[in-house]
There are 2 protein chains.
Amino acid sequence: MNTLAEENYLKSIYHLSLNAENVSTNQLAALLNTKASSVTDMLKKLSDKELINYTPYQGVTLTVPGEKIAVNIIRKHRLWEYFLVEKLNFKWDEVHEMAEEMEHISSNELIDRLDKFMGCPEYDPHGDPIPDSNGAFKANDLKLVSALVVTESGTIWAVRNHSPAFLQYLEKQELTIGKKIRIAEIIEFDHSVILQTEDKKIQISREVANNLLISI
Amino acid sequence: MNTLAEENYLKSIYHLSLNAENVSTNQLAALLNTKASSVTDMLKKLSDKELINYTPYQGVTLTVPGEKIAVNIIRKHRLWEYFLVEKLNFKWDEVHEMAEEMEHISSNELIDRLDKFMGCPEYDPHGDPIPDSNGAFKANDLKLVSALVVTESGTIWAVRNHSPAFLQYLEKQELTIGKKIRIAEIIEFDHSVILQTEDKKIQISREVANNLLISI
DNA sequence: CAATAAATTTAGACTTGTCTAAATTTATTG
DNA sequence: CAATAAATTTAGACAAGTCTAAATTTATTG
């Protein structure tokens, strides 16, 4: 088994890999709230264990075994989030920190039974897909609201930022998962976006648009 | 917050305190599967934090704050065991190790909601009482089968040993929680006990009798 | 393309929790 | 009650994971 720190590094490398081929030391340091030198130390250990491909100064990628571990942790994280929201009635902005701890409970048998107990959900409370026990993700083709043009429309499906502040803001604006929206206008000056929902118009900043994903 | 190691020491001190006023270094070392010198080191740290009363060579007791932490961990352990058995259909001999990890999930809000979700159970799958969120235990007056005399009877209520081997043995002998028994005979030679159940007699060793608790 | 800036790694140190071996204290017993 | 045994603590070391400061490599740019 791997240590808690190792698991967190693998998970972070996985997440950063979605946006960039190679993950850099500084990116990891920023995400993990640690120092670049600490990251370097850990990268050597993970490389020795053959969980990552690491070339000094060139960043890292996950090996197949490394990715498997990372996806398994993400599966656990998302299933526990689903449990906390659907069974224990937490709100979607309250569950991230708890799931950060729970994702490290080691038993896979436990997580598979939890999965069945909840009816094998496909998406977590933030709209992220839950990988199955083989690590397979349901394919879903989402687009960032910030990448749309006027008149395009779709359904809010997921968020890219899980901070309570962001989620509470969305909740207040009634921009929660499942809501149908259409791009009414894009402000040229600051790239703010005006969304048309069923009953009203809502203006959101570029920052917000850049963290909202819709299914077309 | 306290570290995982600290929590495990406090929990162990609590458990050992039930059988002896002062808990010794060696008792702790045996229970925690570590060396006496390591225990001494940790006792100093816990003493500095005023979670235990420690006098070198004299053993330790928990302070009020220390006991509070210990009981809270035990509450978490037992609620998670209940969850694993009642919701995820694990058997009573399968849940101890998982609960050992889960008891360290920090959120008390989570555990209180889990408690309500399950209907505030009073006993865990091994018959141990689950303390409430204030740390109060339901009083229950149990007796060891090994302490009974012939003709005494009662209901199997709890076990003092949680090892899979012991629990599986009990399962096989149909000596599970709720079963009514009467002491039919005590063999003088080795203190084996012959139990009369509704439909048959079962002979158990002194060792087994010493780990079975009944309610009279 | 040389000089500077940015990113990364190395060196050396610290904390937590553990260990072995030696020293010390307490308990036991002839 | 002195001698031995048992329990406990101290001393010194080690692995994991982190840090600061210095050195090195890579990237940028005038």
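Which residues have the most contacts inside the largest nonpolar core? In this predicted model, they are Leu84(A), Leu212(A), Ile214(A), Leu84(B), Leu212(B) and Ile214(B), and the core that holds them has 58 residues. Nonpolar side chains tend to be buried together in soluble globular proteins. The surroundings of Leu84(B) give a detailed view of this core residue: leaving aside residues up to four places away in sequence, Leu84(B) touches Phe90(B), Val95(B), Met98(B) and Ala99(B).

The architecture of a single chain may be considered next. Chain A contains eight helices and eight strands. The C-alpha trace of chain A spans about 55 × 45 × 25 Å along its principal axes. For 216 residues, a compact globule would have a radius of gyration near 17 Å, and the 19 Å of chain A agrees with this. Of the 216 residues in chain A, 31% are buried. Among the contacts in chain A with a separation of 6 or more, 57% are between residues 24 or more positions apart.

The relation between the two protein chains follows. A turn of 180° with a shift of 0.0 Å along the axis lays chain A on chain B with an RMSD of 0.0 Å. That is the relation of a two-fold axis. Within chain A, Met102(A) has the C-alpha nearest the axis, at 3.8 Å from it. Both copies use the same surface, in that 100% of the contact residues of chain A recur in chain B.

The contact itself draws 13 residues from chain A and 13 residues from chain B. On the side of chain A that touches chain B, the elements giving two or more residues are α5 (96-102) and α6 (108-117) of chain A. Of the elements on this side, α6(A) gives the most, with four residues. The side of chain A that touches chain B comprises seven nonpolar, three polar and three charged residues.

Attention now turns to the DNA. Around DNA strand C there are 20 residues, the closest being Ser24(A), Asn26(A), Ser37(A), Thr3(B) and Ser37(B). The surface near this strand receives at least two residues from each of α2 (25-32) and α3 (36-48) of chain A, and from each of α1 (4-17) and α3 (36-48) of chain B. The element that gives the most to the surface near DNA strand C is α3(B), with five residues. By class, that surface has six nonpolar, 10 polar and four charged residues.

For DNA strand D, 20 residues lie around the strand, and those that come nearest are Thr3(A), Ser37(A), Ser24(B), Asn26(B) and Ser37(B). Here the elements that give two or more residues are α1 (4-17) and α3 of chain A, together with α2 (25-32) and α3 of chain B. The most is given to the surface near DNA strand D by α3(A), with five residues. The residues of this surface divide into six nonpolar, 10 polar and four charged.

Some individual positions complete the account. Val64(A) is found in helix α4 (residues 64-86) of chain A. Is Val64(A) buried or exposed? A residue counts as exposed if 12 or fewer other C-beta atoms lie within 10 Å of its own. Val64(A) has 8 C-beta neighbours inside 10 Å and therefore counts as exposed. Thr40(A) is 24 residues from Val64(A) along the chain, and the C-alpha atoms of the two are separated by 21 Å.

Backbone geometry is the remaining topic. Most residues other than glycine have a negative phi. Asn89(A), by contrast, has a positive phi, near 60°. Asn89(A) is found in the loop between α4 and α5 of chain A. With 11 other C-beta atoms within 10 Å, Asn89(A) is exposed. In chain B, Tyr57(B) also has a positive phi, with a value near 75°. Tyr57(B) has its place in the loop between β1 (52-54) and β2 (60-62) of chain B. Because Tyr57(B) has 6 other C-beta atoms within 10 Å, this residue is exposed.

Methods: Residues numbered from 1 in each chain as written. Chains lettered and ligands numbered in written order. Predicted model: local features only at pLDDT ≥ 70, side-chain atom pairs only at ≥ 80, totals over all residues. Near = placed C-beta within 6 Å. Nonpolar A, V, L, I, M, F, W, Y, C, P; charged D, E, K, R; others polar. Core = buried A, V, L, I, M, F, W, Y, C linked by C-beta atoms within 7 Å. Buried ≥ 20, exposed ≤ 12 C-beta atoms within 10 Å, placed from the backbone. Contact = placed C-beta atoms within 7 Å. Least-squares fit on C-alpha atoms with pLDDT ≥ 70 in both. Rg over C-alpha atoms; globule rule 2.2 N^0.38 Å.
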